[in-house]
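Here are my notes on the model you sent round. They are set out as numbered points, to be read with the structure open.

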Amino acid sequence: MNKKAVFLDIDGTLCDRSGVVSESTKKALRIAAKNGHHMVLCTGRAKVQIFPWLDPSFFQGCVSAAGSCVTFGDKVIYEKVMEWEELRNMVDYFRKMGMPYFLQAEDAIYTESWSASEMHDAFLEIGRTEDDAKDILGKLVVLENPEEQPGVEKALYYRCKVTAEEMDAILGHRFTIQDSSYKVTRFCDGEITCRGITKAIGMEKYLEYTGIKREDSIGIGDGPNDFEMIDFAGTGVAMGNGVPALKEHADYVTDTVTNDGIYKAFDHLGLLTT
């Protein structure tokens, strides 16, 4: 078998909604990597939200912030950040509408104090514990004007009362806007990257750098921001707990994240045999 690059979403794919990575998933990652395949995270999370919570020794690379930053080992091989004027206009709209938000950079996540307070309450409303909320929000840098920070790759917004498509029009079609893959509120939570940036762009940059062919790539995901990943990959895999529409795009649908879905997918694709 040719060496494969396996691009893996995190929430709902590698781990369940409480952040637990199963022993079968860890075993699959170890065996596949030992067999020479690249294990590559492909996530909407910023790097600061990933390591060391997730053992970096399992992975050869990372596509973070939904394609905005790509690393091979410790080396950044691609990064796309937001222009300040567009970022300011976006944040001004969030303030006007009272929508809490996060701004993701490679090494930090920024927001304002009122936004952090509302998100603390939102995490409790979906059943996360006080300790969970503190752990999630403890990664935040709270500032009066977070949009002035350099290197912002992506934004997350919450409690929005319009769809992602309507938000795109409101912000002048200057960004790529998608429904959030990690829903927190009962409204339209979403994520924003620079125009044209998706997980597929990050995958393409990783493959170009490593010399692995597109047909030897595998994408595994479950949520709304995984469509481009599934469509771009040589083989697209949807989790059993994935959104129904994503399963229709996939070449293969595995079991759920809590029922050894990753291990079963790796076994089906031959990644666990030498």
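1. Where is the place of Thr258? Thr258 sits in the loop between β14 and α9 (261–268). This is a predicted model, and the remarks below should be read with that in mind. Thr258 is exposed, because its relative accessibility is 60% and the cut-off for that class is over 50%. Between Thr258 and Glu208 there are 33 Å in space, C-alpha to C-alpha, and the two are 50 residues apart in sequence.

2. The main sheet to look at is an open one of eight strands. Its order is β5-β4-β3-β2-β1-β12-β13-β14, and the pairing is mixed. The edges are formed by β5 (75–79) and β14 (252–253), each of which pairs on one side only.

3. Within that sheet, strand β1 (residues 5–8) and strand β2 (residues 38–42) run parallel and are joined by four bridges. Ala5 is the residue opposite His38 of β2. Strand β2 is largely enclosed by the rest of the structure, because five of its five residues are buried. In a regular strand, side chains alternate between the two faces of the sheet. In β2, His38, Val40 and Cys42 point one way, while Met39 and Leu41 point the other way. All of these residues are buried, whichever way they point.

4. At the other pairing worth a look, β4 and β5 are antiparallel, with four bridges between them. Thr71 stands opposite Val76 of β5. The hairpin of these two strands has two residues between them, and Gly73 there takes a positive phi near 60°. Asp74 also belongs to the loop between β4 and β5. With 80% relative accessibility, Asp74 counts as exposed, since the cut-off is over 50%. Asp74 lies 26 Å from Gly234, C-alpha to C-alpha, with their positions 160 residues apart in sequence.

5. Gly73 and Asp74 turn up again in the lining of the second largest pocket. The volume of that pocket is about 170 Å³. Thr71 is another of its lining residues, and the list also includes Lys47, Phe51, Pro56, Phe59, Gln60, Gly61 and Cys62. By class, the lining has four nonpolar, four polar and two charged residues.

6. Two residues other than glycine have a positive phi that should be checked by eye. Most residues other than glycine have a negative phi. Ala66 has phi near 55° and lies in the loop between β3 (61–64) and β4 (69–72). His173 also has phi near 55°, and its place is the loop between α5 (164–170) and β10 (175–179). Their surroundings should be read separately. Ala66 is buried, because its relative accessibility is 3% and the limit is under 20%. His173, with a relative accessible area of 45%, is partly exposed.

7. Is Glu191 buried or exposed? Glu191 is buried, because its relative accessible area is 4%. This residue is part of strand β11 (residues 190–194). Its side chain makes polar contacts with two other side chains: that of Lys154 at 3.4 Å and that of Asn225 at 3.0 Å. Beyond the residues up to four places away in sequence, Glu191 touches a set of residues that includes Ala66, Ala155, Leu156, Tyr157, Thr176 and Ile177. Ala66, from the previous point, is thus a contact of Glu191. The stretch Gln178, Asp179, Ser180 and Ser181 is also among its contacts.

8. Which residues is Asp226 in contact with, leaving aside its neighbours within four places in sequence? They are Asp9, Lys199, Gly221 and Leu246. Asp226 lies in the loop between β12 (217–221) and α7 (227–232). Although placed in a loop, Asp226 counts as buried, because its relative accessibility is 0%. Thr258, from the opening point, is likewise in a loop, but that residue is exposed at 60% relative accessibility.

Definitions and conventions
Residues are numbered from 1 along each chain as its sequence is written. This is a predicted model: local features need pLDDT of at least 70, side-chain atom pairs count only at pLDDT 80 or more; totals for chains, interfaces and linings use all residues. Side-chain values use heavy atoms; hydrogens and water are left out. Buried means under 20% relative accessible area, exposed over 50%, partly exposed in between (1.4 Å probe, protein chains only). A polar contact is a pair of N or O atoms within 3.5 Å; within protein, one must be able to donate a hydrogen and the other to accept it, and residues adjacent in sequence count only if both atoms are side-chain atoms. Contact means heavy atoms within 4.5 Å. On a 1 Å grid over the protein atoms alone, a cavity is a set of points where a 1.4 Å probe fits but cannot get out, and a pocket is an open set with protein on both sides within 12 Å along at least five of seven lines; lining residues have an atom within 4 Å of a point. Grid points are joined across faces, edges and corners, and a volume is the space filled by probe spheres set on the points. Ala, Val, Leu, Ile, Met, Phe, Trp, Tyr, Cys and Pro count as nonpolar, Asp, Glu, Lys and Arg as charged, and the others, Gly among them, as polar. Two strands pair if DSSP finds at least two bridges between them.
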